[in-house]
Each structure stands twice: as C-alpha cells, then as structure tokens.
Amino acid sequence: MAATDATTAVSQEDPAAAPQQSKQDINPWSVSGEVGEDGKVKAIDYRKLIDEFGTSQIDDALLERFEKVTGQKPHRFMRRGIFFSHRDMHTILDRYEKNEPFFIYTGRGPSSDSMHIGHTQVFDFVKWLQDVFDAPLIVMLTDDEKYLFSEKRTVDEVIGYSKQNCKDIIAAGFDMKKTFIFSDFEYVGGAFYKNIVRFAKRVNFNTAKAVFGFDGSSNIGKIHFASIQGATAFAGSFPHIFGEDEAKTAKIPCLIPCAIDQDPYFRLTRDCAAGLKYAKPSLIHMRFLDALQGPGSKMSASDDTSAIFLSDSAKAIKNKINKYAFSGGRETLEEHREKGGNTDVDVSYQYLQFFMEDDAELKRIKEEYNSGRMLTGELKAICIDYLQKYVADFQERRAKATDEVVAQFMTVRPLEWQGNPRVPRADLVVPVTAGGAEGSAAGAEGGDGKLTKNQMKKLLKEQQIAAKKAEKEASKAKAAEGA
C-alpha cells in the first residue's frame, strides 16, 4: 500500500563499503537514516519529519482530549510517541463527540506470503481504534501497486499474496460486522472508479513528479496509482456501506493510521478532496519498527535477517535476536558496568517499547540497562520472551482464518456499527445492497434500497434505545469498578 506497508525497499549499508555522508530519506518506497561524517547511520529524526511534512505533533493536550472524549486511556503507542504525528485528529474526535459518521482506513501492499511484526503493529493499533470508536473499518490490499512497482512479480503472484496477507490481517482480531477488506484487482469499478477518475483528473504529471519523484522511465500505472489509493479515503467509494447519496457521503471523513512514509500520498489526497468538496481524510502517523540491524532502517520483507516474521518459529526468533539484534551495550563487561548501555539504539529495548504494556516495568528495564546493572544478554532474553509469545498467539489466531472467513471479510455487504454509545446516532447512513434493500429495511418503497420515513423513524428509535442501553451498562460497569 499503501497505508501501512513496511515492506518497501530499505537502504541497507554494505559493511564492506564505507557509507557516504547523506541526509535521511523517507518516502513511500525507501527509508534510510542520515549518514554522518563518521559513516555511521543515525536514528531517524521524527521531529524533523514533522517539520518537513508540515504535520502536528501528538502532544499531551491531544492525549488528554482523546481520553476525555472516548473515556479510554490512550494506547501505549500514543503514550510512548510511537504514533507521534497527526493531521486533523481533532476533527475525528469532534465527530465522535457528536456521533457523526466517520470510518477508519488502512491497508497493506502484499509483497510476500508472510507479514512480519513491523507490519502488524499498525493493524494491532487499528484493531484497538475500531474497538474504542466502534467505527467501520476499510482495509485496502494494493496488489495492483505491488505488480506495477515490481519488475519481477506477476499478477497472479500478488493476488495470491493478497489472500495470504488477508489472513494475517484478520488474525489481528477485527470485528467482521464492522470490517470490509478488499483487493484492488477485485473491487475497482462502479462508484469507486468514479472517484478514482475524479481524483486522477485533478493531478497532472508535474505534480506527480514533484510529490513522488517519478521520471520519464516510470510506467503510467505507477503515476496513476495515487488516484486509487487516494479514492479509498472517500466514503462515496463504498455505497454498500455509506449509501449512494453523494451529498451525504461527501461529508464523511476517514481516519488513516499509517507509517509516516505514506504521508505524501495523503497530502495529495487532502488537496484533491478540497477541490472535489469532499471531507479531507485525517491521519495519525506511526514511526518505524527498526530492522534488527538497528536505527536508521526498517524491517524488510525481502531480507530475512532484518525482520521477525509471523511465520518464524520460537527457535528462529531466539536465534535472530541473539545473532542480529543491534545492541546498545559497551565493548566489554567492565565498561558496560561502569558506563551503562544505551536504550536509544538498542533494538531489543526498542521492540519492548512496542510490545510491553506495563509502563512501570519498561521504565525499570531502561534504568537498569542504562545504569549498567542489566546486561545485553538479559535484555535480549526479555525481548525474546515477548516476541515468542506474540508470534505464537498470532499463529494460533491465524490458523482460524480459513478461506471461507477470508471470503466473508471480502464480501461486498453493509457494515454494522454504533459509534459513541453516549450519543444517539442520527445520521441514518443507508447502505445499498445487491438485493436492493438494506437488511432492516426489507419492503422499502420501490425496492431501491432506500428507507421509508416510517422505517427511518423506527431505525432511529432502535439506535436511541441501543445507545441508552449501552450508556446504562457503562455506568453499571463504572460503578462496579468503584465499589
């Protein structure tokens, strides 16, 4: 993809050659940290990216508002600066407060038959967002992109990867009633294609070159792909979920959780949305999970030694961490005890920031390692335990994602969601189904899939009752906690 793909090319320095001094380079296809005068690759400077991309930092004020509006403690990724930047996150919180519709959009560029833990971090966070917001989720599988941007992959190959990666995504635990996963090769057409063409007409070649760095050798499919990824951010592309009334769907925004390297696509999308008078997508940006080799890179699906794959055995995980994970320890035991380690560059500690929920324990480990009381081997052992459990649990869930389950998630159908349980949902989004009638609207006048006035009143009443019931249950739960 697209929005969460962490499998694009990674700039790896050849240890046999002295790296040349260079600035950090972050774009949708490659990620590399700055190379200093000493030839060493530095950690990616995310503060600099905020300034360069013109985004906003996720600060304490936003975290406080998130907790106040949702009633949920911010996810550890937000508390620890792993999701560190945003565009218009306040817009999504405003809509949630009023229970006005929005959807979550993310995706995956299927470049291999197994994802790695760098990919699943975004999906784990999206699963949490779906639960907190009780919002519909759309997941895009950009198999067309992976074909267009590869010299070797075939169409059938990337379609096969889509099906396998879909199982990986489902294993994150998404609610099928609220989730639609689609492959570009299978879904493009109809209302979606209308928005793709509208988007494409607003972007000239000079803009595409300036934003993405295309040149005369770039195939036209690469140039056009931005319109496909962008059109997914428009609610009108999904009439089976949001209805056919474009005057209404134009007002429904989305929230896109993605790695920061995907921001250029959505800067362009926001510009096009303004021109089309569509709601601009909001974004929340994630930093990269470092490759095993250390700061300044990210995991790559094409390099087995750079990543922990979701198909790895417990033994393979242990071997990879012990053999390849970059250490922040000192050269000798005596020096380490005297001066302490450096958790800022230590890969095992960086991984624990992603996987360990307990803030106090993470802080203790940092203090122990930086003081020299904890050794590199001890820190790696803790990391190995967490990764082995994470991957084992994932593999157990993935085994349940059969071909039949994949087909259900990828079936074009209405989705069900309630939104903010404290506020009745009065938007009455009416999806269009192949049968011509929304599930609870059988018998609608004319059989055109639209609700009659009586059915709209009935549906609104049902929503209000459900909201009051949810509010009462939440109050009871809160009172029980305080007892």
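This passage describes aromatic contacts, a surface patch and the cysteines in a predicted model.

A search of the whole structure finds 31 aromatic pairs. In one of these, the ring centres of phenylalanine 125 and tryptophan 128 lie 5.9 Å apart and the ring planes meet at 25°, so the two rings count as stacked, the cut-off for stacking being planes under 30 degrees apart. Both residues belong to helix 5, which spans residues 117-133, and they are separated by three residues, or about one turn of the helix. Phenylalanine 125 is buried, with a relative accessible area of 0%, and tryptophan 128, at 18%, is buried as well, because the term applies to residues under 20% relative accessible area. Phe125 and Trp128 are also members of one aromatic cluster, in which they are joined by Phe66, Phe77, Phe83, Tyr96, Phe102, Phe133 and Phe354. A contact of another kind involves phenylalanine 53, over whose ring the charged end of arginine 267 sits, 4.8 Å from the ring centre.

On the surface, Val188, Tyr193 and Val197 make a nonpolar patch of about 240 Å². Valine 188 is located in the loop that lies between helix 8 (184-187) and helix 9 (190-201), and its relative accessible area of 35% makes this residue partly exposed.

The cysteines were examined for disulfides. A disulfide is a covalent bond between the sulfur atoms of two cysteines. With a pair of cysteine sulfur atoms required to lie within 2.5 Å, the count comes to zero disulfides. Cysteine 166 is buried, at 0% relative accessibility, and cysteine 383 is likewise buried, with a relative accessible area of 0%.

How values were computed. Residues are numbered from 1 along each chain as its sequence is written. This is a predicted model: local features need pLDDT of at least 70, side-chain atom pairs count only at pLDDT 80 or more; totals for chains, interfaces and linings use all residues. Side-chain values use heavy atoms; hydrogens and water are left out. Patches are made of residues with over 30% relative accessible area and no salt bridge: like charges are joined within 9 Å, nonpolar side chains (Val, Leu, Ile, Met, Phe, Trp, Tyr) within 5 Å. Accessible areas come from the Shrake-Rupley method with a 1.4 Å probe; for residues, only the protein chains shown count as cover. A salt bridge is a side-chain nitrogen of Lys or Arg within 4 Å of a carboxyl oxygen of Asp or Glu. Helices (H or I, at least four residues) and strands (E, at least two) are DSSP runs, numbered from the N terminus. Buried means under 20% relative accessible area, exposed over 50%, partly exposed in between (1.4 Å probe, protein chains only). Rings of Phe, Tyr and Trp (its six-membered ring) pair if their centres lie within 6.5 Å; planes under 30 degrees apart count as stacked, over 60 as edge-to-face and the rest as tilted. A charge sits over a ring if NZ of Lys or CZ of Arg is within 6 Å of the ring centre and within 35 degrees of the ring normal.
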